[in-house]
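The exercises below ask you to work from coordinates to a short account of a helix and of enclosed space. Try each task before reading its solution.

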Amino acid sequence: MKTVIKNIAELIQTEDTPRKWVAGNDMKNINTIKDAFVEIENGLITSFGSMGQWNGIEDWNDTEVIDAEGGMVFPTYCDSHTHLVFAASREGEFVDRINGLSYTEIAEKGGGILNSAEKLQNASEDELYEDALMRLNELVQMGTGAIEIKSGYGLTLESELKILRVIERLKENTDVTIKATFLGAHALPKEYQDNKEGYMDLVIDEMLPKVIEEKLADYVDIFCEEGYFTIDDTKRLLEAANKFGIKAKTHVNQFNVIGGVKASVDLEALSVDHLEKMVNEDYEALKGSNCMPTILPSCSFFLGIPYGPAKEMMERGLPVALASDYNPGSSPSGNMNFVASLGCITLKMTPEEVINATTINTAYAMGAEKELGSIAIGKKANLFITKPIPSYGYLHYSFGNNVIEKVMINGKFQ
Ligand code: NIG
Ligand code: FE
């Protein structure tokens, strides 16, 4: 069965030659085709171009024709950093923050990641799966077609495996492209408060080999931050993961600069994420590397902490990716339309830069740039059709409003 989407006002982020990512000044540009069509077969994009170039329909019995009715077509968002599987919301901490406590103070009094870990340890795999599936379906309707999901609310062997098995079930039962990341080193559990070495031994010598043996993770992650895990912990974990052939995506520079960017880049991490605080050394480490700097603006928005310096990164010739960080503590929204709007409004990125940062660059940051992130022949037909809008920048300008009409994943409308 073939599908043709015709009468597209503008087809966004088309690509003739596959790219790894888009960096620096190049982020200012996207390719688009006005008055366009796109053809899809077996879940893949087989042809696209202007309506004038369209050959029409060869076999009416085998072709579904969709009229975009003047809407635009974008590739779906790739969200390369989320903690989608969690057991409970944390709006109590939200109120504590309104009343003046900081994220760190809340964590110190037993809230934060340890609060989520306790709730998750008591939840069944089925409950976690049903909740996560519901969240994922909501995100798809908001234009997300690929997502990375981390563990890290387990913090015991059993619970880390539970959360990773939930991610595996989401992979098996949905059409969304999903990557799983093992984040056992997210916070130090209470039982290990005076024995960090012991917990790192557990993560590296017991959890990681089991996770690898059961093929439950595509990547590893660690919260490299004062009060959480050190540079030495980070190096130990990444070296161990590299021996298994698994790359890292790390949480670094959220509150403090302790050298996590360089340590991650030196050990060939695929991405470094957060980056609210950056120093010259961090930019230098990233220059010429294969590591994608990833900013999480909805976390900055929600916690009221600084925003990552997207413009400076681009001025220094680096690529930038924007992801949601969806999690119950620091970003209880996975709406990539909002992330994209924040990219323009708070990071001062142009709509073109934001489109590159939320499609091709986030696809790279989750190892999916060959199959997703642009409208290109042979890539997965993961795209969305908008309502009629005056220009593509309207998507970012019109923050908080829903302009997405229909979402297609693997060639199927959802
Ligand atoms: O990316 N910074 C560490 N981890 C998450 C927050 C987790 C939580 O508060 O539950 C983040 O912001
Ligand atoms: Fe995160």
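**Exercise 1.** In this predicted model, what should the 17 residues of helix 4 (residues 125-141) span at 1.5 Å a residue, and how far apart are its end C-alpha atoms?

*Solution.* The expected span is 1.5 Å times one less than the number of residues, so the 17 residues of helix 4 should span 24 Å, and the end C-alpha atoms, being 24 Å apart, agree with that value.

**Exercise 2.** Determine which residues of helix 4 are buried and what they pack against.

*Solution.* Taking under 20% relative accessible area as the cut-off for burial, one obtains Leu 128, Tyr 129, Ala 132, Leu 133, Arg 135, Leu 136, Leu 139 and Val 140. These buried residues pack against helix 3 (112-121), strand 7 (144-150), helix 5 (157-173), strand 8 (177-185) and strand 15 (404-409). Following helix 4 comes Gly 143, which has a positive phi near 100 degrees.

**Exercise 3.** Find the cavities of 30 Å³ or more, and explain where the second largest lies with respect to domain 1 and domain 2.

*Solution.* There are two such cavities. The largest holds about 90 Å³ of space, and among its 14 lining residues Tyr 103, Ile 113, His 186, Asn 327 and Ser 330 lie nearest its centre.

The second largest cavity, with a volume of about 60 Å³, has a lining of six nonpolar, three polar and no charged residues, including Phe 74, Ile 355 and His 396. Because domain 1 (2-75 + 372-413) and domain 2 (77-365) both give residues to this lining, the second largest cavity lies between them.

Notes. Residues numbered from 1 in each chain as written. Chains lettered and ligands numbered in written order. Predicted model: local features only at pLDDT ≥ 70, side-chain atom pairs only at ≥ 80, totals over all residues. Heavy atoms only, no water. 1 Å grid on protein atoms, 1.4 Å probe; cavity = no way out; pocket = protein on both sides within 12 Å on 5 of 7 lines; lining within 4 Å. Points joined across faces, edges and corners; volume = space filled by probe spheres on them. Nonpolar A, V, L, I, M, F, W, Y, C, P; charged D, E, K, R; others polar. Domains from an automatic or database assignment. Helix = DSSP H or I, 4+ residues; strand = E, 2+ residues; numbered from the N terminus. Buried < 20%, exposed > 50% of the residue type's maximum accessible area, 1.4 Å probe, protein only. Contact = heavy atoms within 4.5 Å.
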